[in-house]
Amino acid sequence: MNRWWIIALLFVATTINYLDRGILGVLLPEIQKELNFSQAAYGEITFWFQFAYGIGGLIGGRLLDLYGTRVGYGAAAAFWSAAGMLTALATTPFHFGALRMALGLQVEARVDPRVAGPVSPFRAAETFALAVPGQTFTA
């Protein structure tokens with residue numbers, strides 16, 4: 001497979017991941033109204049997401065080493081999709097928070113390790129930054 005095709009797919013997946021993370025702030029007023037939760041509850045949801053993100057970052061790279069990039073990326077994409085779809089069915093702040101925590105634990109923290117692994121064989125100094133946005137912050 002052409003290396004630019006792989007890099008393009010990884011770039012699109014990473015971009016969608018970052019957009020998914022950022023859209024919550026835009027939709028927050030509507031979500032708060034629909035699920036009837038306060039700013040304090042939103043703060044707790046954000047805390048647990050970030051807590052899970054940190055825990056996931058500690059174990060994510062090791063799991064990718066054990067199972068490989070192809071299996072790890074596929075499983076993470078499937079889990080991310082399922083958790084994202086289930087979030088639409090949340091009826092309480094607890095359900096919403098638990099699903100956001102699942103996204104943080106299993107998926108979100110794996111963006112950089114998932115992308116850096118498959119890109120590294122193609123990594124020329126002049127093109128690596130195109131394929132792995134933000135990689136300089138995680139190295």
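This passage describes the fold, the first helix, the main nonpolar core and the aromatic contacts of a predicted model.

The protein contains 7 helices and 0 strands. Along the sequence, the pattern reads α-α-α-α-α-α-α. Of the 139 residues in the protein, 35% are buried. Among contacts with a separation of 6 or more, 71% join residues 24 or more positions apart.

Helix α1 consists of 33 residues. From its first C-alpha to its last, α1 reaches 44 Å. The span expected at 1.5 Å a residue is 48 Å, and the value found is close to that. The helix is nonetheless kinked. The kink, of about 65 degrees, lies at Leu27. The proline Pro29 follows shortly after. Buried residues of α1 include Ile7, Leu10, Ala13, Thr14 and Asn17. Leu24, Leu28, Ile31, Gln32 and Leu35 of α1 are also buried. Just after α1, Asn36 adopts a positive phi of about 55 degrees.

Several of these α1 residues belong to the largest nonpolar core. That core has 10 residues in all: Leu24, Leu28, Ile31, Leu35, Phe37, Ala41, Tyr42, Ile45, Ala90 and Phe96. Two elements, α1 (3-35) and α2 (39-67), each give two or more residues to this core. The largest share, 4 residues, comes from α1. Tyr42 is one of the core residues. Neighbours within four places in sequence aside, Tyr42 is in contact with Leu24, Leu28, Gln32 and Phe37. Of these partners, Leu24, Leu28 and Phe37 are listed in the core as well. Gln32 is a buried residue of α1.

Aromatic contacts were examined next. A search of the whole structure finds 5 aromatic pairs. In the pair of Phe49 and Tyr53, the ring centres lie 6.3 Å apart and the planes meet at 40 degrees, so this pair is tilted. Both residues lie in helix α2. Phe49 and Tyr53 are 4 residues apart, about one turn of the helix. Their exposure was also computed. Phe49 has 10% relative accessibility and therefore counts as buried, because the cut-off for burial is under 20%. Tyr53 has a relative accessible area of 31% and is partly exposed. Phe49 also meets a charged group. The charged end of Arg100 sits over the Phe49 ring, 5.1 Å from its centre. Elsewhere, one aromatic cluster is formed by Phe47, Trp48 and Phe51.

Note on methods
Residues numbered from 1 in each chain as written. Predicted model: local features only at pLDDT ≥ 70, side-chain atom pairs only at ≥ 80, totals over all residues. Heavy atoms only, no water. Core = buried A, V, L, I, M, F, W, Y, C linked by side-chain atoms within 4.5 Å. Buried < 20%, exposed > 50% of the residue type's maximum accessible area, 1.4 Å probe, protein only. Contact = heavy atoms within 4.5 Å. Expected span 1.5 Å × (residues − 1). Bend = angle between axes of the 7 residues up to and from the residue. Phe/Tyr/Trp six-rings, centres within 6.5 Å; stacked < 30°, edge-to-face > 60°. Lys NZ or Arg CZ within 6 Å of the ring centre and 35° of its normal.
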